[in-house]
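Student: Hi, could you go through a structure with me? I'd like to talk about side-chain contacts.

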Amino acid sequence: MSEQTEAATSVASAAEVHRRIVELFSAGRREEALALIDPDVIDHRGGALGDHKGAAAWRQKWEHMDDGVQSTVEHNVASGDFSVNRYTVRGTHAASGRRYEVTGIDMVRVRDGKIVEHWALLDSAAMRHQLGVGEDA
């Protein structure tokens with residue numbers, strides 16, 4: 001297999017895993033989605049949350065998210081073991097009942113068909129504004 005063919009296979013693999021985990025999560029099929037997470041995954045959450053390690057931390061993150069959250073991938077770019085999605089997140093804030101729709105970007109690194117590293121950014125200022133909370137409301 002040529003280097004170019006191997007790279008194309010790797011790109012498809014990373015993008016496919018990334019696409020599949022978003023689809024499974026949005027369909028409420030979290031246990032199936034967790035099968036695509038490496039047991040030693042590193043989730044770079046940034047800010048005060050910092051890095052979280054392991055599939056158990058990923059599961060815990062999902063348990064604290066509203067069940068009605070839907071993500072639609074608007075654009076994907078993949079290169080080698082990396083895949084980046086720009087997506088729209090829609091949902092209803094459980095506490096207030098208000099709807100929101102914001103843009104997010106996330107990047108994953110895939111090895112052997114599983115996500116081993118993850119970074120994400122969400123337009124939290126737009127979310128606060130739509131929910132009528134915080135300084136940007």
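Tutor: Happy to; what follows is a chat about aromatic pairs and salt bridges in this predicted model.

Student: Aromatics to begin with, then. How many aromatic pairs are there?

Tutor: The count comes to three aromatic pairs. One of them is Phe25 with Trp62, whose ring centres are 5.0 Å apart.

Student: Why is the pair of Phe25 and Trp62 called tilted?

Tutor: Their planes meet at 45°, so the pair is tilted. An angle under 30 degrees would count as stacked and one over 60 as edge-to-face.

Student: Where in the chain do Phe25 and Trp62 come from?

Tutor: From distant parts: Phe25 belongs to helix α1 (residues 3-26) and Trp62 to helix α3 (residues 55-63), with their positions 37 residues apart.

Student: Are those two buried or exposed?

Tutor: Phe25 and Trp62 are both buried.

Student: And what about Trp58 and Trp62, how are their rings arranged?

Tutor: With planes at 85° and centres 6.0 Å apart, the rings of Trp58 and Trp62 are edge-to-face. Both residues sit in helix α3, four residues apart, or about one turn of the helix. Trp58 is buried, as is Trp62.

Student: Which residues make up the aromatic cluster?

Tutor: Phe25, Trp58 and Trp62 form one cluster.

Student: Which residue lies over the face of Trp58?

Tutor: That is Lys61, at 4.0 Å from the ring centre. Lys61 also forms a salt bridge with Asp43, where the closest N and O atoms are 2.7 Å apart. This pair links distant parts of the chain too, as Asp43 is in strand β1 (residues 37-44) and Lys61 in helix α3, 18 residues apart.

Student: Is Asp43 buried or exposed?

Tutor: Asp43 is buried, with a relative accessible area of 2%.

Student: Changing topic a bit: how many salt bridges does the whole structure have?

Tutor: Eight salt bridges turn up. Among them, Glu23 pairs with Arg19 at 2.3 Å, N to O, and Glu23 also pairs with Arg20 at 3.4 Å, N to O.

Student: How far apart are those partners along helix α1?

Tutor: Glu23 and Arg19 are four residues apart in helix α1, about one helical turn. Glu23 and Arg20 are three residues apart there, also about one turn.

Student: How accessible are Glu23, Arg19 and Arg20?

Tutor: Glu23 is partly exposed at 37% relative accessible area. Arg19 is partly exposed at 33%, and Arg20 is partly exposed at 29%.

Key
Residues are numbered from 1 along each chain as its sequence is written. This is a predicted model: local features need pLDDT of at least 70, side-chain atom pairs count only at pLDDT 80 or more; totals for chains, interfaces and linings use all residues. Side-chain values use heavy atoms; hydrogens and water are left out. Rings of Phe, Tyr and Trp (its six-membered ring) pair if their centres lie within 6.5 Å; planes under 30 degrees apart count as stacked, over 60 as edge-to-face and the rest as tilted. Helices (H or I, at least four residues) and strands (E, at least two) are DSSP runs, numbered from the N terminus. Buried means under 20% relative accessible area, exposed over 50%, partly exposed in between (1.4 Å probe, protein chains only). A charge sits over a ring if NZ of Lys or CZ of Arg is within 6 Å of the ring centre and within 35 degrees of the ring normal. A salt bridge is a side-chain nitrogen of Lys or Arg within 4 Å of a carboxyl oxygen of Asp or Glu.
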